[in-house]
Amino acid sequence: MKITSLTRISALALGAAMIGPMPGFAEDVFIRIEARRDAGAAATGAAELARDVGTDAGAVVSYPLPGGQWHAIAIGPLPRDEAQETLGRLRSAGQIPADAFLSPAEGVSAIPAGETVDAPLADGEPSEAPAEPEAAPEAAPEPEAPPPEDHVIRLAAHEDRAAAERDLAELRADFPDASLWAEGEDSFVITTGPMTEAAATAWLRALAASEAAEPDGTLPEADLGDLLDAGEPGDWPAPPETPAPMPPLEDVQRALQWAGFYEGEIDGLDGPQTQAAIAAEIATWRDSTDPGTAMIALEDRREAWRGEMGLTTLTDDHTGLSITAPTGRITHERTERGLSVYGPKDGSGAALILFAQPGGQQEMLDMTGLITALGWVPAPSRQVSRGAVRLAGEDGRHIGQARARVQGDMVEGWVLIWPASDPLNATRIAAEMADTLERVAPTRAEREEAEAEAAEASEPAEADAAEAGEAETSQAGESEAAADDAGDLAEPDSDETAADQ
């Protein structure tokens, strides 16, 4: 069966089911801002966020994520429509990260910002008795004072103040702590920091390697002139005393792909694309100037995100495919020839279509044409190569991404549909899916065809066995008749015997 036969599917019914409005249920949701490793850090972050966004946006809270190690910082709970409007407004104002998203509030026990929860004593339980006073310990030696944060990195210099202020506004998109200094009537300097001298030296190299900026050196803050415009407080950690081992490069490439810094093959090779992606990750997130430490922090963020998104392995019986997918947000609806369709769950607005059909390059192109015609990937950009196609597009309602490939004599792949309000997670989930698609079993059609052939092949054998049985029965009957005849010859007739006598 060729893929072109799919054009006979009812396009109206199938397309409307997937790209039509996907209304959500009347449910409360949280606006998820970020996740931190423990409850204390999350409570501190929630208090800071509450100061930043004020009370108009809604209550700022923290709560534990599944597994208990990570804790979310969020705003809510709010009705979904109000949360969607608030999410867009706070993003536009730059008050929350671009990757903030909506998360169901059902079953979540949240702690409002500024509050802590202590375990209460049971009724009648005595409070802990005061401890006996201990002898005062010997005075410990005075710890060494940490190195002063008195150095800055010089990002740019201008002779005109207006030009310097324009450059400062652009640089603050990546460096919120950037500050503007006047070193004379016709000399203006933009810096980032302050930080320790060791950190300034290490971060100067890191920023230069990433091409995120063109820093031209470090200097003590005391050597600068008048501060004209101070930036926000920044965090520039000093390099670790002992570098951390680098995780396996294939894992690093997957994490960098998820973060949007790497578009190459997952091959485990330390090439220029991988090095450039590592440098970009270090300069953007600034966890550490040490590549090993920075990549471990990136993998931690990715793993926490996977838990938040509910990504698990989905094995589809109809297509025989296995893939990592947001199973908490989709539910299986139906199968159509070579398609297995998963629709939105609980008003998530997400959908997934898996497909597998016999064919080659032309059938693969026919399939991607069908995907476009049904509007699953609206107005897509295309990347076509021998044996592979990639589609990406969006409209006001949803984002669509698709991958198709020729694997042996089969055309197989997937389509992801995601809400247009959450583009960052759509890209990240597509990257996870592209890296995990594999065939684990024949398609249902192939299995049914094999069973029919086996049944057909068994029919002649059964007929031969029946004929053999009939022949044996006939031979047995003939043998019995012959035996009867022999008996008759051996025993003379009784009348004849009497006559002889």
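**Exercise 1. State the mean pLDDT of the chain in this predicted model, and identify stretches where the pLDDT is under 50.**

Solution. The chain of this predicted model has a mean pLDDT of 83, and 80% of its residues reach 70 or more. Next, look at the low stretches. Residues 1-25 stay under 50 in pLDDT, yet the model gives them 55 contacts beyond four places in sequence. Residues 489-501 are also below 50; that stretch has one contact in the model beyond near neighbours in sequence. Where pLDDT is low, predicted coordinates should not be read in detail.

**Exercise 2. Describe the open sheet of five strands: give the strand order and the edge strands, and find the helix that packs on the sheet.**

Solution. Begin with the order, which is β4-β1-β3-β2-β5, with antiparallel pairing. The edges are β4 (101-104) and β5 (111-112), each of which pairs on one side only. Helix α3 (residues 80-92) packs on this sheet and touches β1, β3 and β4. The direction of α3 makes about 125° with that of β3. Now take one pairing in detail: β1 (residues 28-36) is joined to β4 by four bridges, and the two strands run antiparallel. Within this pairing, R32 has F101 of β4 as its bridge partner.

**Exercise 3. Work out the surroundings of strand β8: which strands are joined to it by bridges, and is it largely enclosed or not?**

Solution. Strand β8 covers residues 187-195. Strand β6 (residues 151-158) is joined to β8 by six bridges, in antiparallel fashion; A157 has V189 of β8 as its bridge partner. Strand β7 (residues 179-184) also runs antiparallel to β8, with five bridges between them. Here G184 is partnered with S187 of β8. The connection from β7 to β8 is a hairpin through two residues. For the last step, buried means under 20% relative accessible area. Seven of the nine residues of β8 are buried, so the strand is largely enclosed by the rest of the structure.

**Exercise 4. Locate cis peptide bonds that precede P77 and P194, and place each proline in its strand.**

Solution. Most peptide bonds are trans. The bond from G76 to P77 is cis, with omega near 0°, and P77 lies in strand β3 (residues 71-79). The bond between G193 and P194 is likewise cis, with omega about 10°; P194 belongs to β8.

**Exercise 5. R286 and D346 have positive phi values. Where does each residue lie, and is it buried or partly exposed?**

Solution. Most residues other than glycine have a negative phi. R286, which is not a glycine, has a phi of about 55° and sits in the loop between α7 (272-285) and α8 (291-309). Its relative accessibility is 13%, so R286 counts as buried. D346, also not a glycine, has a phi of about 55° and is in the loop between β14 (339-344) and β15 (351-358). At 48% relative accessibility, D346 counts as partly exposed.

**Exercise 6. Find which residues of the largest nonpolar core touch the most other members, and list contacts of L352.**

Solution. The largest nonpolar core has 55 residues, and L352 and W414 touch the most other members. Leaving out residues up to four places away in sequence, L352 touches L314, A325, I330, S340, V341, Y342, W414, V415 and M433. A second, separate core has 19 residues, among them L339, W376, V411 and I417. In soluble globular proteins, nonpolar side chains tend to be buried together.

Key. Residues numbered from 1 in each chain as written. Heavy atoms only, no water. pLDDT = per-residue confidence, 0-100. Contact = heavy atoms within 4.5 Å. Buried < 20%, exposed > 50% of the residue type's maximum accessible area, 1.4 Å probe, protein only. Pairing = 2+ DSSP bridges. Core = buried A, V, L, I, M, F, W, Y, C linked by side-chain atoms within 4.5 Å. Axes fitted to C-alpha atoms, helices over the stretch in contact; angles between N-to-C directions.
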